[in-house]
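Here are some short exercises to work through with the model open beside you. Try each task before reading its solution.

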Amino acid sequence: MREKLGFCIWVLFLVGSCVGKFVVEKNSLRVTSPESVKGVYECAIGNFGVPQYGGTMVGTVVYPKTNQKACKSFDEADVSFKSKPGGLPTFLLADRGDCYFTLKAWNAQKAGAAAILVTDNRIEPLITMDTPEEENSGADYLQKINIPSALISKTLGDSIKKALSTGEMVNINLDWREALPHPDDRVEYEFWTNSNDECGPKCDSQIEFVKNFKGAAQILEKGGYTQFTPHYITWYCPEAFTLSKQCKSQCINHGRYCAPDPEQDFSRGYDGKDVVVQNLRQACLFKVANESGKPWLWWDYVTDFSIRCPMKEKKYTKECADKVIKSLGLDLDKIDNCIGDPEADEENLVLKAEQDAQIGTGTRGDVTILPTLVINNRQYRGKLDKGAVLKAICAGFQETTEPAVCLSDGIETNECLENNGGCWQDKAANITACKDTFRGRVCECPVVQGVKFAGDGYTHCEASGAFRCEINNGGCWKQTQDGKTYSACIEDHSKGCQCPPGFKGDGVNTCEDVNECSEKLACQCSECKCKNTWGSYECSCSGNALYMREHDTCISKEAKASSSWNVFWVIFLGLAAAGVGGYAVYKYRIRRYMDSEIRAIMAQYMPLDSQGETANHVVHANI
């Protein structure tokens, strides 16, 4: 009895040393009718069941005439809240008090309600509805609760009751789309956990969650879609009690880092300090694995350790842990160096960082509940279940950036499968603007084989840019007839459709043949005979004549031949005359040049008649 009392006092010290803020996570509640209650309100998300993170739920409210606190099964009164075919889901309104919140939700779920709204019984700020304390948490229904739950204010609850009492229908839209931030294409989440496996149903569900979620977590981490970090809660022992038996058995590093006794009994089993050391080992293993580029190995280690080294089999030891670490190929020496000496009177950098991280920052409150999941710096509320947690993580991605695992069956509903989501679609080319997302769908003109479609995505999408005509002919008209193919898509145009020559129409749906004959657009000369063809025309001439399309006229074949010979002779005679003239000029110039050369040579040996006597006397005078 003394040991039990000592433990209770010890817990008070631990709780008293960790005073901080607790953030109530909320979602939006919109009352769409009646007018007297219509508006948008806040409600607190229950820490059990399955909140529909990233989605919405529409339903009609029912307030039972009996069992209004929902503490008893509705089967006893043969009451069902299951909606009829074609009707809206039922949201059960229940009063707070007399039993656990979880029991109210379980009874509502069994009776067919799609969600439960618990109205507060006092005027106060909203609180978080949580699961029962450990000693009262043995009920096996806790992990079976699958409906969402919310606590609403007394004021709103009274208004809804008043409207229902007058026969009005109250319709509500529960909206979790903004319950978690979703800023980009990567989700950052933390899992605050504990290596202790002897803390009852919560520890059992925690270990089961790790085993079940390991595969999805590793896929997300290896693909670079998420950044996961495990954390561990520790407390410090007040300085006045560091030498006490309780502190020595529950703490390491001289009272700096402590955990409660696993069995809540100091006289048997493992001590709190054993839990702290194993928590530290897991934190150090993650640190080493993360530095080696394989942070997902944490999931393998925790899963294998829980199977191979349980407390109940007295294997919760360093020796067992080391075997698991070695099997994963991690550096055991680095992990041991990270752990350091638990008996040393000094701070451990890893555990000091863990204590600092417990304090809430920004929109995230202090971590005071184990286990706690934090997604994009917002605490998750709801059942620790693979499907529920995966939905919450998927809700943290920016729309259209979710990985394939978030779009699988059982995680979300593909809204593009029904009526193509109301988006544009080209059934012939099997192209759609509907893009399925975790939160619903978006209508966005696609990119197909490098060709960008442009438009509003709802009523119109049109191929644009280069090679657009290769994708369903750019959305333009195209037809083949009599071995001829015509298209209204023009490759050198970035967009738009234009009927080819010989056709008229919008170029998208229709291009009709133009009758050049009846519309007198061609073949209109007096001798011409016009015949319309698909996309063109044929024009012939009467008698022995030929049609010249470029001049739209007919000419005689003889005239054409005569004209051709005349042109030939003109050209031939012109060339001949040019040749004779050139030869005459050539002969004249050559002859004149030769005469001048001969005269110059002869002048050197005998005087010519034209030189006269004077020239001779001049010569002799020089001798």
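**Exercise 1. Find the acidic partner of Lys214 in a salt bridge, and say where the two residues sit.**

Solution. In this predicted model, start from the side chain of Lys214 and look for a carboxyl oxygen within 4 Å of its nitrogen. Asp300 provides that oxygen, with the closest N and O atoms 3.4 Å apart, and the pair is a salt bridge. Next, place the two ends: Lys214 belongs to helix H4 (residues 201-222) and Asp300 to helix H7, so this pair links distant parts of the chain, 86 residues apart. Finally, compare each residue with the cut-offs: buried means under 20% relative accessible area, exposed over 50%. Lys214, at 21%, counts as partly exposed, while Asp300, at 17%, is buried.

**Exercise 2. Describe how helix H7 packs on helix H8.**

Solution. Take the geometry to begin with: H7 (residues 297-308) and H8 (residues 318-327) have axes 10 Å apart and pack at an angle of about 140°. That angle makes H7 oblique to H8. As for handedness, H7 passes H8 in a right-handed crossing. Then list the residues that make the contact: H7 contributes Tyr301, Asp304, Phe305 and Arg308, and H8 contributes Cys320, Ala321, Lys323, Val324, Ile325 and Ser327.

**Exercise 3. Repeat the analysis for H6 and H9, then examine a salt bridge between Lys287 and Glu291.**

Solution. The axes of H6 and helix H9 (residues 332-339) lie 9 Å apart, at an angle of about 125°. The two helices are therefore oblique to each other, and their crossing is right-handed. On the H6 side the contact is made by Leu280, Arg281, Cys284, Leu285, Lys287 and Val288; on the H9 side by Lys334, Ile335, Cys338 and Ile339.

Now stay with Lys287, one of the H6 residues in that contact. Its side chain meets that of Glu291 in a salt bridge, 2.9 Å from N to O. Both residues are in helix H6 (residues 272-291), and because they are four residues apart, about one helical turn separates them. Lys287 is partly exposed, with a relative accessible area of 40%, whereas Glu291 counts as exposed at 55%.

**Exercise 4. Which residue pairs with Asp98 in a salt bridge, and what is notable about the phi of Asp98?**

Solution. The partner is Lys69, at 3.0 Å from N to O. Asp98 is in the loop between strand S4 (90-95) and helix H2 (101-110), and Lys69 in the loop between strand S3 (56-62) and S4, so the pair links distant parts of the chain, 29 residues apart. Asp98 counts as exposed at 70% relative accessibility, and Lys69 as partly exposed at 31%.

Turn next to the backbone. Most residues other than glycine have a negative phi, and most peptide bonds are trans. Phi of Asp98, however, is near 75°, a positive value.

**Exercise 5. Look for other backbone features of this kind, at Asn377 and at the bond between Ser33 and Pro34.**

Solution. Asn377 has a phi near 65°, again positive in a residue other than glycine. Asn377 lies in the loop between S12 and strand S13 (378-379) and, at 30% relative accessibility, counts as partly exposed. From Asn377, step across to Gly362: the C-alpha atoms are 7.9 Å apart in space, and the residues are 15 apart in sequence. Gly362 is in the loop between helix H10 (349-358) and strand S12 (372-375), and is exposed, with a relative accessible area of 64%.

For the second site, omega is about 5°, and the peptide bond joining Ser33 and Pro34 is cis. Pro34 is in the loop between strand S1 (26-33) and strand S2 (39-45).

**Exercise 6. Where is Glu516, and what surrounds this residue?**

Solution. Locate Glu516 in the loop between strand S24 (512-513) and strand S25 (528-533). Then check for charge pairing: Glu516 is buried yet has no salt bridge, and the nearest side chain of opposite charge, Arg549, is 7.4 Å away. Lastly, leave aside neighbours within four places in sequence; the contacts of Glu516 are then Gly502, Leu521, Ala522, Gln524, Asn532, Ser536 and Tyr537.

Key. Residues numbered from 1 in each chain as written. Predicted model: local features only at pLDDT ≥ 70, side-chain atom pairs only at ≥ 80, totals over all residues. Heavy atoms only, no water. Buried < 20%, exposed > 50% of the residue type's maximum accessible area, 1.4 Å probe, protein only. Lys, Arg positive; Asp, Glu negative; His and termini not counted. Contact = heavy atoms within 4.5 Å. Axes fitted to C-alpha atoms, helices over the stretch in contact; angles between N-to-C directions. Parallel < 35°, antiparallel > 145°, perpendicular 65-115°, else oblique. Left-handed = near helix turned anticlockwise from the far one by under 90°.
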